[in-house]
Every structure is written in structure tokens, then in C-alpha cells.
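Student: Could you take one part of this protein and show it to me up close? I'd like to get the overall layout before we zoom in.

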Amino acid sequence: MNKLKLAACGTDCNKCAAYKVTMEKDLKEAEKFVEWYRGQGWIGENEGAEAVLMKNPICTGCWNITDDCFWKCGCGSIDFRICCEERKINHCGECDDFPCEHYKKWVEMTPYHEKAMDYLLSLKIIP
């Protein structure tokens, strides 16, 4: 069992398709990106999940961003990592302003991220 690898935004990286494609070379998860990659022109019309895997590294987690990362935390949560670093906190859930407007918009754009927000809200200690 994988230990929870918490991104600044509250996403468990071990459950994130982009992270699993990168770190585990998971062909099933790579399949989820095929249409999007085709739409971006990054793979050809006749290419599939194998071609997606060849485009790595996609995501090594927002706390491990390097110059060769494919999309610098393509989920958009790099802004959250930077904000957390500036505030010297471990994740957005430790912020007094959580959930901020930026975070709420991020969740609205990708409802999958509601899980991350719910998790961080569950960690928040109310005085």
C-alpha cells in the first residue's frame, strides 16, 4: 500500500493519473490522456497510450518539480505549491484563507479536485 503523498493542493499523488503515468509507467492511466494529447498535437492520430508514456516525465509531484517536467504540474496546482512555500505551510489546508477564491476556481474547473478540497477541509482544525 502506498503511503499518502500529499500535494500542496491536497491531491493524493498516488491516485493522480498524471503522477501514476510518470512514476509507475501505468499504461491504463496513460490511456486517459490519449485524446487530450492528440488534441494538443503531441501525439499522432494513430498513436495511443504507449506514445503518451514516451512523453514523460509528465508529473513527479508538485514538491519535486524539475526543469525537465513535462508540464510543471499540469493540473495547475503549482501555484498552490508556490503559495504554500511563501507562507511556510505544508499544504493549502493549513492556510487561514483556505479555501481561497483561486482554489475554489481550480475545483470548479476540475470537479475531480473536490476530493482534495474535502480532504483538506477534514484536516482543518476549527478553533
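From the N terminus on, which elements does the protein run through? After that, please give me a close look at helix α6 and its ring partners.

Tutor: Reading from the N terminus, you go α-α-α-α-α-α-α. That's seven helices and zero strands, with helices (H or I, at least four residues) and strands (E, at least two) taken as DSSP runs and numbered from the N terminus. Keep in mind that this is a predicted model, where local features need pLDDT of at least 70 and side-chain atom pairs count only at pLDDT 80 or more, while totals for chains, interfaces and linings use all residues. Residues are numbered from 1 along each chain as its sequence is written, and side-chain values use heavy atoms, leaving out hydrogens and water.

Now for α6. Its buried residues are Y103, W106 and V107; buried means under 20% relative accessible area, exposed means over 50%, and partly exposed is in between (1.4 Å probe, protein chains only). These three cover an arc of only 95° around the axis, so they sit on the same side of α6; the arc is that of the directions from the helix axis to the C-beta atoms. Flip to the face turned away from that buried side, and you'll find the exposed residues E101, K105, E108 and M109. For scale, buried residues make up 43% of the 127 residues in the protein.

Next, the rings. Rings of Phe, Tyr and Trp (its six-membered ring) pair if their centres lie within 6.5 Å; planes under 30 degrees apart count as stacked, over 60 as edge-to-face, and the rest as tilted. By this rule there are eight aromatic pairs. Take Y37 and W42: their ring centres are 5.2 Å apart and their planes meet at 85°, so this pair is edge-to-face. Y37 is buried, with a relative accessible area of 0%, whereas W42 is partly exposed at 32%.

Back to α6 itself: the ring centres of F80 and Y103 are 5.2 Å apart, with planes at 50°, so this pair counts as tilted. The pair links distant parts of the chain, with F80 in helix α5 (residues 78-87) and Y103 in helix α6 (residues 101-109), 23 residues apart. Both F80 and Y103 are buried.

And Y37 and W42 aren't on their own: together with F33 and W36 they form one aromatic cluster.
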